[in-house]
Amino acid sequence: MNAQVGRDNIVTQSLGQIGDCGLFLLRILAAVPRSMRHALETVRQLWFVGAMSLTIIMVCGLFVGMVLSLQLYHVLSIFGGTAATGTVVAIAIYRELGPVVTALLFAGRAGTSITAEIGLMRATDQIAAMELMAVDPLAYVVAPRFLAGLIAMPLLCCVFCAMGIFGGHLVGVTWLGIDNGTFWSNMTATVDVWQDIVNGVIWKSLAFGAVVSLIAVFQGFTAPPTSEGVAYATTRTVVASSIAILALDFVLTAFLM
Amino acid sequence: MSQRKSYAVGTGLFIVLGFAALAYLATQTSSVANRHQGDSYTVDAQFTNVGQLKERAPVKVAGVRIGQVQSIELEPGKPVADVKLSIDKRYASIPADSVASIFTSGLLGDQYVGIEYGHAKTFVAAGGKLALTHSSQPLEAMIGKFFGAGGVNDNIGGTYQVTANFTNIGTLSVGAPVKMAGVVIGQVAAIQADPVKLDAKVTLAIDDTFNKIPDDSSAAVFTSGLIGSQYVAIQPGGSPDNLKNGEEMILTQSAMQLEDLIGKFLVNGSPGDKPGSGSSSTPAGKH
């Protein structure tokens with residue numbers, strides 16, 4: 001009986017959260033025009049979630065490209081197909097690894113700090129103070145962070161992909177000795193601008209950016225105003241973002257391919 | 001104010017870096033160059049079968065890309081595909097009697113339209129039509145050609161039978177073609193295991209018109225193409241005497257097992273699997 005009640009609660013809670021999240025998205029979108037008065041705040045957030053995440057994105061992209069190239073070289077050498085290494089590295093990074101890994105890193109690096117910051121603003125009554133001063137916290141706090149995430153993700157993803165290709169080239173050509181011309185010409189011949197770069201990199205990372213930023217600001221904005229509540233909300237940002245990214249990835253792939 | 005400026009500059013740098021990365025991905029690692037087309041003109045070509053040809057597939061002359069497939073549509077009221085080729089203006093001098101064919105790049109690659117120049121003095125105009133086309137060859141049709149389409153055997157009148165013993169016939173089956181110089185001259189009439197010699201005794205029914213085959217000719221079990229099925233090939237010898245009904249061909253070459261061949265290529269191929277003849281025919285028997 002208790003289990004039944006508990007399960008009902010989890011189900012209704014989850015559904016309620018998803019519904020609140022959707023309504024919150026509408027409120028953010030409604031607040032976006034008003035947040036244009038605080039454009040500089042958006043730039044500051046872009047600096048914080050985007051530019052400050054560059055290091056981790058670049059290093060991770062480099063290593064993902066390197067390990068992909070290394071693994072593929074050894075598998076493809078069984079079939080004598082090492083010339084395809086560049087192609088497969090590029091397609092794997094553009095279509096899946098680039099957007100997904102960037103989004104996961106983005107959720108961990110930027111999503112959590114957004115949640116914690118907004119949660120603490122709520123806990124320390126800064127948001128209440130803004131409302132008292134007739135400053136709309138949705139337009140001044142939430143919308144700039146959401147927009148910044150939306151803009152930063154595709155840019156970060158492009159940087160990640162470029163670094164991944166560079167890492168793949170470093171291992172494949174410089175270390176394992178695949179011919180440089182073969183590496184590039186095979187890649188160029190197979191990778192398609194619309195299919196791989198626009199559909200893979202741009203649309204996916206835009207969608208992931210929207211989802212991660214929405215979850216981060218939502219969890220922060222609705223976090224219980226206690227230290228435990230903020231900690232819990234931060235955890236939930238990472239968990240919910242990761243699940244949302246991977247599930248959305250499947251759906252988007254099915255649609256875009 | 002100075003701090004504000006520093007992050008504004010940093011953010012600007014970040015955005016520029018992101019777009020630079022995007023430009024790099026789009027121009028250096030992808031086929032954006034292939035998409036870029038200057039002025040182009042359209043030429044029609046009609047095919048009875050376009051196979052796997054897709055829109056935006058390349059159009060090539062002598063292997064060099066000169067344009068792309070713009071659209072593929074069924075000609076209204078006719079079972080032919082109307083393919084519009086968008087060709088770069090720089091290559092405006094295609095002779096009117098050129099042949100457009102659908103080729104496959106490599107064994108498993110994508111299909112493209114290849115144009116072989118004719119000798120006409122007039123050129124195909126924009127909106128014109130390439131009248132001579134070669135359609136895509138479905139794999140089934142090609143395999144059918146290897147087998148003589150089976151129907152050839154039905155037309156064979158009188159036959160005479162010779163036998164040949166093989167240590168391994170692979171997946172050869174009754175009804176498989178017997179070929180000489182690649183041409184079907186008969187078919188496999190029966191396959192039996194020889195209880196004394198412990199090998200496979202294959203009876204070949206050969207058309208009576210081919211009764212001048214030297215009796216020292218050899219018979220081999222070959223595979224048509226990479227993945228086709230097997231047939232018996234006869235390589236003529238030099239003996240003055242000819243094969244007669246009921247005689248046996250002494251010189252035979254058994255089927256090569258794909259596993260053996262691949263095993264030879266691969267260093268790590270397991271040599272213990274060599275007697276593949278038994279294992280390839282038994283799985284059906286083992287429930």
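Visitor: At which residue does helix H4 of chain A bend?

Guide: This is a predicted model: local features need pLDDT (the predictor's confidence in each residue, from 0 to 100) of at least 70, side-chain atom pairs count only at pLDDT 80 or more, and totals for chains, interfaces and linings use all residues. Residues are numbered from 1 along each chain as its sequence is written, while chains are lettered from A and ligands numbered from 1 in the order in which they are written. Helices are DSSP runs of H or I, at least four residues, and strands are runs of E, at least two, numbered from the N terminus. H4(A) spans residues 85-123 and bends by about 55 degrees (between axes fitted to the seven residues ending there and the seven starting there) at A:Ile93.

Visitor: Which residue with positive phi follows H4(A)?

Guide: Look just past the helix. The phi there is near 65 degrees, and the residue is A:Asp125.

Visitor: How many residues of chain B are in contact with chain A?

Guide: Contact means C-beta atoms, placed from the backbone, within 7 Å. Chain A brings 24 residues, and chain B brings 18.

Visitor: Which helix gives the most to the side of chain A that touches chain B?

Guide: Helices H2 (39-49), H6 (137-175), H7 (180-190) and H8 (193-221) of chain A each supply at least two residues. With 7 residues, the one that gives the most is H6(A).

Visitor: How many residues on that side of chain A are nonpolar?

Guide: Nonpolar covers Ala, Val, Leu, Ile, Met, Phe, Trp, Tyr, Cys and Pro; Asp, Glu, Lys and Arg are charged, and the others, Gly among them, are polar. That side has 3 charged residues and 2 polar ones. The nonpolar residues number 19.

Visitor: How far apart are the axes of H6(A) and H8(A)?

Guide: A:Phe146 and A:Leu150 are among the H6(A) residues that meet H8(A), where A:Phe208 and A:Val212 are included. By class, this contact has 18 nonpolar, 4 polar and 1 charged residues. The helices pack at an angle of about 145 degrees, and their axes are 8 Å apart.

Visitor: What is the average pLDDT of chain B?

Guide: Residues 149-156 of chain B fall below 50. Residues 269-287 of chain B are below 50 as well. Where pLDDT is low, the predicted coordinates should not be read in detail. In chain B, 76% of the residues score at least 70, and the average is 76.

Visitor: How many strands does chain B have?

Guide: Chain B has 287 residues. Its secondary structure holds 6 helices, and its strands number 16.

Key
Two residues are in contact if their C-beta atoms, placed from the backbone, lie within 7 Å. Axes are lines fitted to C-alpha atoms, for helices over the stretch in contact, and angles run from 0 to 180 degrees between N-to-C directions. A residue is buried if 20 or more other C-beta atoms lie within 10 Å of its own, exposed if 12 or fewer, and partly exposed in between; C-beta atoms are placed from the backbone.
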